[in-house]
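Work through the exercises below with the sequence and the model at hand. Each task is followed by a solution in steps.

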Amino acid sequence: MFLPPGTAYVYTIYGMYFCFNISSREEGSAVLIRALEPLQNISVMQTFRSVKRKSSAVLKDKDLCNGPSKLCLAFNIDKQLNKMDLCTSNDLWLEDGTEMPCSNIIACKRIGIDSAGEEWANKPLRFYVKDCVYVSVRNKIAENLLKTDTVQDLNIL
């Protein structure tokens, strides 16, 4: 988080799972990658995800990467990728995607940070695409507000 923007920050949670962040804007800032839509190599992701699962049932595509640690398992992301420069790496990188209109972005409070205190726990610093089935938890209240209100400048990006 304290390295230049575009650097991978991978850390361990619960002593056995990983979370993948990308350092951003200023020192101490990062974006936690919580979920994504798997598009290619789904069978490889299935294999990586099955390693720590008790059940042998095949996961649905929407369940492969619908949480930060699940995403890391599916992509085999671990501490070896920590501090990797995502702008120059051949092992881990970002690609341009489809441009998303602001009217399709849900901004809501983050998950699992209640211990940070009410002020930080309630800030709308979690973003996902409206109606996306690939996220772990959808915020129906924020989605309904988006349907009834016009999108305003969030002043938090």
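## Exercise 1: the first strands

Strand E1 and strand E2 (residues 17-23) are paired antiparallel through six bridges. Strands are DSSP runs of E with at least two residues, numbered from the N terminus, and two of them pair if DSSP finds at least two bridges between them. The model is predicted: local features need pLDDT of at least 70, side-chain atom pairs count only at pLDDT 80 or more, and totals for chains, interfaces and linings use all residues. Residues are numbered from 1 along each chain as its sequence is written, and side-chain values use heavy atoms, with hydrogens and water left out.

Task: find the bridge partners of Tyr-9 and Ile-13 in E2, then place E1 and E2 in their sheet.

Solution.
1. Tyr-9 has Asn-21 as its bridge partner in E2.
2. Ile-13 is bridged to Tyr-17 of E2.
3. Three residues lie between the strands in the hairpin of E1 and E2, and Tyr-14 there takes a positive phi near 55°.
4. The sheet is open, has three strands in the order E1-E2-E3, and pairs them antiparallel.
5. Strand E1 (8-13) and strand E3 (30-32) are the edge strands, each pairing on one side only.
6. From one strand to the next, the twist averages 35°; axes here are lines fitted to C-alpha atoms, for helices over the stretch in contact, and angles run from 0 to 180 degrees between N-to-C directions.

## Exercise 2: strands E4 and E5

Task: state which residues of strand E4 make up its covered face, and how many bridges join E4 to E5.

Solution.
1. In a regular strand the side chains alternate between the two faces of the sheet.
2. In strand E4 (residues 105-108), Ile-106 and Cys-108 form the covered face, while Ile-105 and Ala-107 form the uncovered one.
3. E4 is joined by four bridges to strand E5 (residues 126-129), and the two run antiparallel.
4. Opposite Ile-106 stands Tyr-128 in E5.

## Exercise 3: salt bridges

Task: follow the salt bridges of Arg-138 and of Lys-123, and say for each residue whether it is buried or exposed.

Solution.
1. A salt bridge is a side-chain nitrogen of Lys or Arg within 4 Å of a carboxyl oxygen of Asp or Glu; a search of the whole structure gives four.
2. Buried means under 20% relative accessible area, exposed over 50%, and partly exposed in between (1.4 Å probe, protein chains only).
3. Arg-138 bridges to Asp-131, with the closest N and O atoms 3.2 Å apart.
4. Arg-138 also meets Glu-143 in a salt bridge, 2.7 Å from N to O.
5. Through these shared partners, Asp-131, Arg-138 and Glu-143 join into one network.
6. Glu-143 is buried at 2%, whereas Arg-138 is partly exposed at 27% and Asp-131 is partly exposed at 43%.
7. Glu-119 and Lys-123 form another bridge, their closest N and O atoms being 3.9 Å apart.
8. Glu-119 is exposed at 57%, and Lys-123 is partly exposed at 27%.

## Exercise 4: rings

Task: describe the aromatic pair and the ring under the charged end of Lys-123.

Solution.
1. Rings of Phe, Tyr and Trp (its six-membered ring) pair if their centres lie within 6.5 Å; planes under 30 degrees apart count as stacked, over 60 as edge-to-face and the rest as tilted.
2. The structure holds one such pair.
3. Tyr-9 and Tyr-11 form this pair, tilted, with 5.2 Å centre to centre and 35° between the planes.
4. Tyr-9 is partly exposed at 26%, as is Tyr-11 at 24%.
5. The charged end of Lys-123 sits over the ring of Trp-120, 4.8 Å from its centre; this requires NZ of Lys or CZ of Arg within 6 Å of the ring centre and within 35 degrees of the ring normal.

## Exercise 5: cysteines

Task: explain why the search finds zero disulfides, using Cys-19 and Cys-87.

Solution.
1. A disulfide is a pair of cysteine sulfur atoms within 2.5 Å.
2. For Cys-19, the closest cysteine sulfur is in Cys-72, 6.1 Å away and too far for a bond.
3. For Cys-87, the closest is also in Cys-72, at 19 Å, again too far for a bond.
4. Cys-19 is buried at 4%, but Cys-87 is exposed at 66%.
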